[in-house]
Amino acid sequence: MSNATRLRNFLHSSKPLMDCMAVVKDLDLPDCWIAAGLIRNSFWDHLNNIQIPPVKSDIDVIYFDPKDTRQKTEHTYEENLRSIAPEMEPFFGNWSVKNQARMHQVNRDRPYQDCYDALQHWPETVTAIAVRLTPKNDIEIMHPFGLDDLYQQKVRPCPYFKEHKLFEFKVRQDKKRWQDRWRNLEIVI
């Protein structure tokens, strides 16, 4: 069984994650995905048989719309998600919606072409994973660096971060303290 199939099976088995994807799908935003910590953390908990409540970070929703890059628009989507699915935030953390068509400015990068390109500029390979429901309610997975690191519980910088922002990667790892919860994680630089 491929890593992608195993991840899809895991996602299908989680009603809260499926509910998150369904709510985000209904927003009908261009190139829209749930990404980063929600997927990574939930799957690591699954691999490590951790039954305690999930780590609360953000429910990261990304999309790509160069026609409207106002933060105000993102906040409106967050408010919509809070009103449609208020039960998600106490469980997973805050809804965080970011238009990747503007995030290059925040991250001091060249403009991104789409969400796939944006993911290639994220700090870790295990964070650069996104999922969404297709119109037929199949799970689509976007993972520019594959899923091996997620399964092997290896945290390594994405190539862009390794080349241009390695210090930021190291500082981030110190702050996140992921190994406190997932003891089998290996930080690879």
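This report describes the sheet, the helices packed on it, and the hollow spaces of one predicted model.

## The sheet

Start with the strands. Five of them form an open sheet, and their order is β3-β2-β1-β4-β5. The pairing in this sheet is mixed. Two strands stand at the edges: β3, residues 93–99, and β5, residues 139–142. Each has a single partner strand, so one side of each is left without a neighbour in the sheet. From one strand to the next, the twist averages 30 degrees.

## Two pairings in detail

Strand β2 covers residues 57–63, and β1 covers residues 33–35. These two strands run antiparallel, and three bridges join them. One facing pair is W33 and I62, with I62 in β2.

Now look at β2 and β3. They pair in the parallel sense, over seven bridges. Here D58 stands opposite N94, a residue of β3. Is β3 mostly covered or mostly uncovered? Strand β3 is mostly covered, as five of its seven residues are buried.

## Helices on the sheet

Helix α1 spans residues 3–13. It lies across β5 and β4, the latter being residues 130–133. Its direction runs at about 130 degrees to β5.

Helix α4, residues 71–84, also packs on the sheet. The strands that α4 touches are β2 and β3. Its direction makes about 145 degrees with that of β3.

## The cavity

How many cavities of 30 Å³ or more does the whole structure hold? A search finds one. The volume of the largest cavity is about 30 Å³.

Its lining is made up of G37, L38, N41, S42, P54, V55, S57 and F92. Helix α3, residues 37–47, gives the largest share of that lining, with four residues. By class, the lining has four nonpolar and four polar residues, and no charged ones.

## The largest pocket

The largest pocket holds about 760 Å³ of space. It is lined by 32 residues. Nearest its centre lie D60, P123, T127, R172 and K176. Several elements give two or more residues to this lining: α3, β2, β3, α6 (residues 100–107) and α10 (residues 166–176).

Which element gives the largest share of the lining of the largest pocket? It is α10, with six residues. Sorted by class, the lining of this pocket has 13 nonpolar, eight polar and eleven charged residues.

## The second largest pocket

Next comes the second largest pocket, with a volume of about 260 Å³. Its lining has 15 residues. The closest to its centre are F10, S14, S42, D45 and F91. Four helices each give two or more residues to this lining: α1, α2 (residues 15–27), α3 and α5 (residues 88–92).

The largest share comes from α3, which supplies three residues. The lining of this second pocket divides into nine nonpolar residues, five polar and one charged.

## Elements that link the parts

Some names come up more than once. Helix α3 gives residues to the lining of the cavity, to that of the largest pocket and to that of the second largest pocket. S42 lines the cavity, and S42 is also listed among the residues closest to the centre of the second largest pocket. Helix α1 lies across β4 and β5, and α1 also helps to line the second largest pocket. Strand β3 stands at an edge of the sheet, pairs with β2 and gives residues to the lining of the largest pocket.

Conventions: Residues numbered from 1 in each chain as written. Predicted model: local features only at pLDDT ≥ 70, side-chain atom pairs only at ≥ 80, totals over all residues. Heavy atoms only, no water. Pairing = 2+ DSSP bridges. Axes fitted to C-alpha atoms, helices over the stretch in contact; angles between N-to-C directions. Contact = heavy atoms within 4.5 Å. Buried < 20%, exposed > 50% of the residue type's maximum accessible area, 1.4 Å probe, protein only. 1 Å grid on protein atoms, 1.4 Å probe; cavity = no way out; pocket = protein on both sides within 12 Å on 5 of 7 lines; lining within 4 Å. Points joined across faces, edges and corners; volume = space filled by probe spheres on them. Nonpolar A, V, L, I, M, F, W, Y, C, P; charged D, E, K, R; others polar.
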